[in-house]
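Here is a short note to help you find your way around this structure. Keep the model open beside you and follow the points in order.

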Amino acid sequence: MNPDRDHRIAPEHLVRAAIVYVRQSSPTQLVCHSESTRLQLGLREKAIALGWSQPSVIEDDLGISASGFADRPGFQQMLLRVAKREVGIILCVDASRLSRNSKDWAHLFELCGFFDTLVVDLDQVYDLSHPNDRLILGIKGTVSEMELSILRGRLRAGTEAKAARGELRINIPAGYAYDSSSRIVFDPDKRVQNAIRQMFDQFDRSTSVRQFAMWFRATETRFPLRRRGEKAGIRWEFPGAKNLQKLLTHPIYAGIYTFRRCETRIEYVDGKLRKRVSPLLPKDKWKVCIHDHHPAYVSWEKVLKNQARIEENRPRWDMQENRGAIREGLALLTGLCRCAHCGGKIYVQYKKTSALYYCDGEHTRGSGTCLSFGSHLIDQAVSRELLSTVRPLSVEAAIQAAEQNEREKSQEFETSRLQVQAAQYEADRAFEQYNLVDPKNRLVAATLEEQLNGRLAELQEAERRLDLVAKATRNLTDKQRRRLHELASNFQQVWDHPKADAVLKKRLLRTAIREILVSHQRDQQQLEVTIHWQGGVHTCLSIKKRATPVGRKADTAVVETVGELAKTLSDGEIARVLNMKRVLTPTGLRWSKDRVREFRYHHHLQSESRFAKSDGFGLKGAAEYLGISRKTLLRLERMGVISRNQVTDFAPCQITRQELDSERVQALVRTLKATGRLPKGGCPKEQLTFFDEEQRT
Ligand SMILES: [Zn+2]
């Protein structure tokens, strides 16, 4: 017998398995502290020395922290095997290695005690059914847990103190770099700097981050991105909207050093503790925030403005508060109007050449409405108000716009020029490498040649772009400048020009106007509009509504007909039927889809066409449903087998599904298909002619 063997090890332990549990907290530890892993694996020899011939090693938990937040398959497997009485002994470097959180710890030891499993660390063997051993291991576990929390607390305090001084190295986005004394400085690459400045300028001209991201693709402009924790440096890519949003609102570009803008929260999910990172906190809750810490690309106000703009563009589900991103539609006041009757947002509906503002209030769409009115008149009236307000400033604005245009053009030119320079450098380097290689070393030479060709193609592409930009960069001539001033003094003309950009108009309106309240005075047929300007002033307008075919004079017969038709037909179809019947609207106009809709709203007639469609067929639909020709169907109708409902002349026929499915019709159709003739019955005369015609066709 081995003299080293501990008296606790009994023959029944030796029959069962020995487990060596190996663990390292993180992948970094695993790579950098291999000595510890080696030491842990050395336990295998110890197990053999103690008398186990084939100890098994559990190393599934390498790189997983034992702090209690991650699943550790190895640990769970070990618990299971202990509970099945399969394990005689567990070996670990330090008993505290087994578990760092006391819950797991206590559970394992409890099981080891019940199922007679020994535990060994570098010092000694423990039998958990003995109170003394339990006490020693328990103390060790508590100490280890304490040690961890002290270490963590110290590290945290150190990190926070360093961050509070602004000296902790944080992840910095593209545009900045660390110099040799760990200070944040502008990226020495002028091209990167230029791209960052261009990003902030260009975003002012985009309506939303998503459109901005699309602009990069459309103009084939690549942007420098630095991935988090990546040491490789910068990659030139098309940025995504999420990336851009982060960069445009990042305080680092305003020269502000920040630390912990989010916090880590612990949540209890499915019976387990999970760490979650919160969304960005408001500025006063950031751990560290040092202004003027390093050179800035833009002002802090600018970053705040970007944040507000992006917030404003949040999508429709919280539209009641936000105005939404500007889109390309015609209606100029989208997102600005609010209904004075119910306080809800006024939405817009586009048609072929016009737009309609509407508010449905509490109703579902189509069943009733607070108000609805065409966009044309109100857009014009509000624009007129805006123009009279901004006219005195327009000349100055024109000059500024011209200057800005020139500045942007030169910036774009500079970016393209730097791009060519960078491409030239890369191509030169590739050529030098290619030149140095021994031509006999064919494999290497081929690879380098490929690289060189790639670089040359990039250079060519960059030169092509520079050429394009140079052609587009023309400074304004004196004549153009004069024309610009002329236009500025007649701003109305510019505004009304068909080529004037709707997006630009909307941005101007939104800059000046906070909200527009609209109410509908039904008895006077006019809209009361209150414009709330950004400064807090407001203007009231009354706009006469155009005569619409709603009115009390309407003939009750028309109301009934429309009500009847609305059960099965859409508004467009109703208008067609009424026009064919030569019925006019109460104001003497022809019917249109919108007029029918207005008429229905006024008389509270619900449209049920959507629900009715599925149950009835028109002539064509019924013929297709039975699989016979239209002509045959008409014959069947004349025979009196099928009847169709028609609300009024010209209205489409309706044949119900039950009628088509009826035994009589189905039997007739079956016979017809099988024999080519109809059975006796119905009107014989009709049947004969019917057959003659059927066979002739
Ligand atoms: Zn309303």
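The numbered points below go from the chain overall to its cores, sheets and helices.

1. A word on the basis: this is a predicted model, in which local features need pLDDT of at least 70 and side-chain atom pairs count only at pLDDT 80 or more, while totals for chains, interfaces and linings use all residues. Residues are numbered from 1 along each chain as its sequence is written.

2. The chain holds 25 helices and 22 strands; these are DSSP runs numbered from the N terminus, with helices being H or I of at least four residues and strands E of at least two. Of its 697 residues, 22% count as buried, meaning that 20 or more other C-beta atoms lie within 10 Å of the residue's own (exposed: 12 or fewer; partly exposed: in between; C-beta atoms are placed from the backbone). Among contacts (C-beta atoms, placed from the backbone, within 7 Å) with a separation of 6 or more, 62% join residues 24 or more positions apart.

3. The largest nonpolar core has 28 residues, and Ile19, Val20, Tyr21, Ile90, Leu91 and Val119 have the most contacts inside it. Such a core is a set of buried Ala, Val, Leu, Ile, Met, Phe, Trp, Tyr and Cys residues joined through C-beta atoms within 7 Å. At least two residues of this core come from each of strand 1 (17-21), helix 4 (43-50), helix 5 (73-83), strand 3 (87-91), helix 6 (102-114) and strand 4 (118-120). Another core, of 22 residues, lies apart from it and includes Leu332, Phe373, Ile513 and Leu527.

4. Look next at the open, mixed sheet of four strands, in the order 14-18-19-20; strands pair if DSSP finds at least two bridges between them. Strand 14 (337-339) and strand 20 (538-544) are the edges, each pairing on one side only. Strand 18 (residues 513-521) and strand 19 (residues 526-533) are antiparallel partners over eight bridges, with Ile516 opposite Ile531.

5. Strand 16 (residues 355-359) runs antiparallel to strand 17 (residues 371-374) and is joined to it by four bridges. Cys359 has Leu371 of strand 17 as its bridge partner. In strand 17, Leu371 and Phe373 point to one face and are buried, whereas Ser372 and Gly374 point to the other and are not. In a regular strand, side chains alternate between the two faces of the sheet.

6. In helix 9 (residues 209-218), the buried residues are Val209, Phe212 and Ala213. They fall within an arc of 100° seen down the axis, so they line one face of helix 9; the arc is that of the directions from the helix axis to the C-beta atoms. Exposed Arg217 and Ala218 sit on the face turned away from the buried side. The cover over the buried residues of helix 9 includes helix 8 (190-205), helix 10 (241-248) and helix 11 (300-312). Just after helix 9, Glu220 has a positive phi of about 55°.

7. Helix 22 (residues 630-639) has Thr632, Leu633, Arg635 and Leu636 as its buried residues. These cover an arc of only 160° around the axis, which puts them on the same side of helix 22. Gly640, just after helix 22, takes a positive phi of about 90°.

Conventions: Two residues are in contact if their C-beta atoms, placed from the backbone, lie within 7 Å.
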